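User: I would be grateful for a close look at one part of the structure shown here, followed by an account of how other parts of the assembly compare in setting.

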Amino acid sequence: MKTRAYYHSLRFKITMGLLLAVIAVLAISSYLRYVSFRDLLTESLEHSVDSPGEAIEAQLAAYVRGRVILSVISIVVILLMSDVLMGRVVVGRLRQFLGVVKRVGDGDLDAKVVTEGEDEIAELAEAFNRMTDELQRQTRKLSTLNTLATTIGQSLDLSEILNTALDEVLELMDVGAGWINVQDEHGEKMRIVASRGLPEEAAMAHSYCLWNEDICTDVLQSGRSQVFRNGEDHSFDKPNAVGPLNAVEPLNGVEPLSTGLCPAAGYLQEDGLIFHACVPLKSKDVVLGVMSVAGVAASDPWMFTEDSLDTLTAIGRQIGIAIENASLYEELRQKEVLRRQLLEREITLREQERKRIARDLHDQTGQRLTSMIMTLSLLEEAVPAPEVQARVRDLRDTAAQVLKEVRDLALHLRPSLLDDLGLLAALRHYLKRYQNRYRLIVDFQPLGLDGKRLPPDVETALFRITQQALTNVARHAEAHSVTVLLEHRGTSVQLIVEDNGKGFDLAQVMDSRPHEGNLGLYCMRERASLIGGTLTIESTPGRGTAVFVRIPVEGGKGDDGQDSSAGGG
Amino acid sequence: MMDKIRLLVVDDHPVVRAGLHTLLATQPDMEVVGEAVDGASAVERALELQPDVVVMDLTMGEMDGLAATREIVARLPETKVVVLTMHANEEYLRQALQAGATGYVLKEAVDTEIAVAIRVVQRGEVFLYPSFTRVLLADLVQDGETDDRFQQDGYERLSDREKDVLRLVALGDTNREIAERLFLSVRTVETYRARLMEKLNLKSRGELVRYALRRGLRHDEVKDPLAGG
């Protein structure tokens, strides 16, 4: 309305101004015409006395007609000019407005329309400016929420998640104090696991029973966000619940608690607590904890709105999910640790057991058989009857055969070589037997290991991995030859077992879950990782398979440059 | 009649010692002059008795049969050592021979071979369990074969890239690692490798590594600008 009045007054002023100017021009020109007309009149009166009345009438009529036409033309011109001028003024402002709208549309939220005057355009401009301010605030909020989601989503460390989240929330909400409670493992007490802006004693001593009647406990138990403000508390059982914050009535039929602040907030009362908001940290409808923010009069004059509670509740949900993820991850991690420990124990025990049995076979059974052979041999010569002699001879041979078998059994369980003479000797021996058994050409190339012993667990693991890898080659590879490289260089030992067989599609075999076909590969990998090493397999169909094992070992006794000494020359 | 061969029997198992005692007592030219139950006491008794031949078990609790053999041979040049063991494998044989033993008898053949072995080593000759001789010969023949293969050399015919791949394969890098270091695809590395092995007439990774060693290529790693500090 104002704009229209303004517009009218403006048009009026312009029209009047133009009219005055035209009237002045007309007055002057009329006067000049009058002067000339008077002369003319006098002259004609002197010359024609016959009909003076007719002549005057004719002259006057012509004069009046001229006046009228001139006036009409002037008024039309004036009206046209005032419209053009009006248009200039209004369109110019609208154009500036449009420019700002375009800039805002392009994302420049700092662009502001200049507001002057009191008309509708100015009002519109003010409304527009308010809108961009709000937009700017919302954008900031969303970007903070996004940052928050990203930050807490990236971490799987609970303490890091909670502290980061709290910092972000306080910054977003623009308040000075906040804390996060979680239930203890017994579900009986709440304790603060992260806090900002709380007096030290509040943060330290804040562990209280869950049957306390305060809003934190209520939020934990009910899963509803709550705000305590100016001595009253207000519940919202859903984030978008409407209703003024200072309403005393329960919302949606939910009775607000008649209880007080939670203990931590109580510490802030002296500083002039204005509000204390509590939101649940939920994941899949399970409340895992409570996040609180509190504002005090001195530093947070800002009022907590329902909108803020919505935002806070939304953040609470995100944190809840992050907590859930972190605890699932932690559970998984612990299980993995346990699994590794069990596996390591299992492997160690098995090796020890095999070693013990092999030794027993060797020492006890073997020696008794040896003694038996000698005795039977003596007996054979001592008995005179050829028949009995032959029987004893058979017994002696059987004993020798059993001794061989016992020895092979012991070797199979765990080669004593590995303990007595080391990995190199054990591998050499194993490879020779393997080569004979499977009719494969085995090329064994040790480097940098002459006279060196590696730690027993490394030797055992490398021996077992080699065994496994070679068993795989014999069973699946259809290879003609296989190379076994064992090199100690610097601070690591590398084992490479490479065959020239048919190869396989590694991704296909290793991506599937462990089954009988790829279990051997998984076992080798586990074995390597248990002693801190890595195992890589490369295979291309038609080009064979290579297994690379790298195990870190204590830096050998210096001479790394000597690694060529074992070469063919 | 000539002097009997004076024997020291070393074994940690009483049944074996007793058996050996009985067995050797039937040999008219031999005489067991002492026994020992482990390496340390074996050295002690040997120094004391100065036997002609020591019959030595290798595995005695902690395996010190080898150490004892080394010590005895070093300190008593006239005394010979026959190893009597369950270990039917050339790794122990190698170790035993290096330690200075000149006889090696398996326990499963103790009754038929120990007396023979004692007489042979006493004469200053070597007695090995017959099947081992074959193994040793095979080793010798094989080594000779592998060595000859590298005489012809096509290194100069390799492209720079092939030389790079050769060096890195010899150093034990995986194809993926080589690909990353040389900014090539894994497939290309495989191709280079197959081609260079054909040019150099190398049949396996083992041969490739030995070739690189002979050529001193593995030491180039310090000069490799991509290897970093």
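In which loop of chain A does A:Asp285 lie?

Analyst: The model is a predicted one, and the description below should be read accordingly. A:Asp285 belongs to the loop of chain A that runs between β6 (273-283) and β7 (286-296). The backbone at A:Asp285 has a positive phi of about 65°, although the residue is not a glycine. As a general matter, most residues other than glycine have a negative phi. A:Asp285 is also exposed, because 8 other C-beta atoms lie within 10 Å, and a residue counts as exposed when that number is 12 or fewer.

A further loop residue of chain A may be set beside this one. A:Arg439 is located between α11 (423-438) and β8 (441-447) of chain A. Its phi, near 55°, is positive, and A:Arg439 is likewise a residue other than glycine. A:Arg439 counts as exposed because it has 8 C-beta neighbours inside 10 Å.

The helix that precedes this loop, α11, contains A:Leu423. A:Leu423 counts as buried because it has 26 C-beta neighbours inside 10 Å, where 20 or more are required. Apart from neighbours within four places in sequence, A:Leu423 is in contact with A:Leu418, A:Leu454, A:Glu459, A:Leu462 and A:Phe463. One of these, A:Leu462, is 39 residues away in sequence, yet the C-alpha atoms of A:Leu423 and A:Leu462 are 7.9 Å apart.

Next comes the interface with the second chain. In total, 41 residues of chain A are in contact with 36 residues of chain B. The elements of chain A that each give two or more residues to this side include α11 and β8, the two elements that flank the loop of A:Arg439. Also among them are α8 (306-382), α9 (386-413), α10 (416-420), β9 (481-489), β10 (492-499) and β11 (534-539). The largest share, 11 residues, comes from α8(A). By residue class, the side of chain A that touches chain B divides into 11 nonpolar, 20 polar and 10 charged residues.

Chain B itself has 10 helices and six strands. Of its 229 residues, 44% are buried. Among the contacts in chain B with a separation of 6 or more, 62% join residues 24 or more positions apart.

To return to the request, A:Asp285 is an exposed residue with a positive phi, placed in the loop between β6 and β7 of chain A.

Note on methods: Residues numbered from 1 in each chain as written. Chains lettered and ligands numbered in written order. Predicted model: local features only at pLDDT ≥ 70, side-chain atom pairs only at ≥ 80, totals over all residues. Helix = DSSP H or I, 4+ residues; strand = E, 2+ residues; numbered from the N terminus. Contact = placed C-beta atoms within 7 Å. Nonpolar A, V, L, I, M, F, W, Y, C, P; charged D, E, K, R; others polar.
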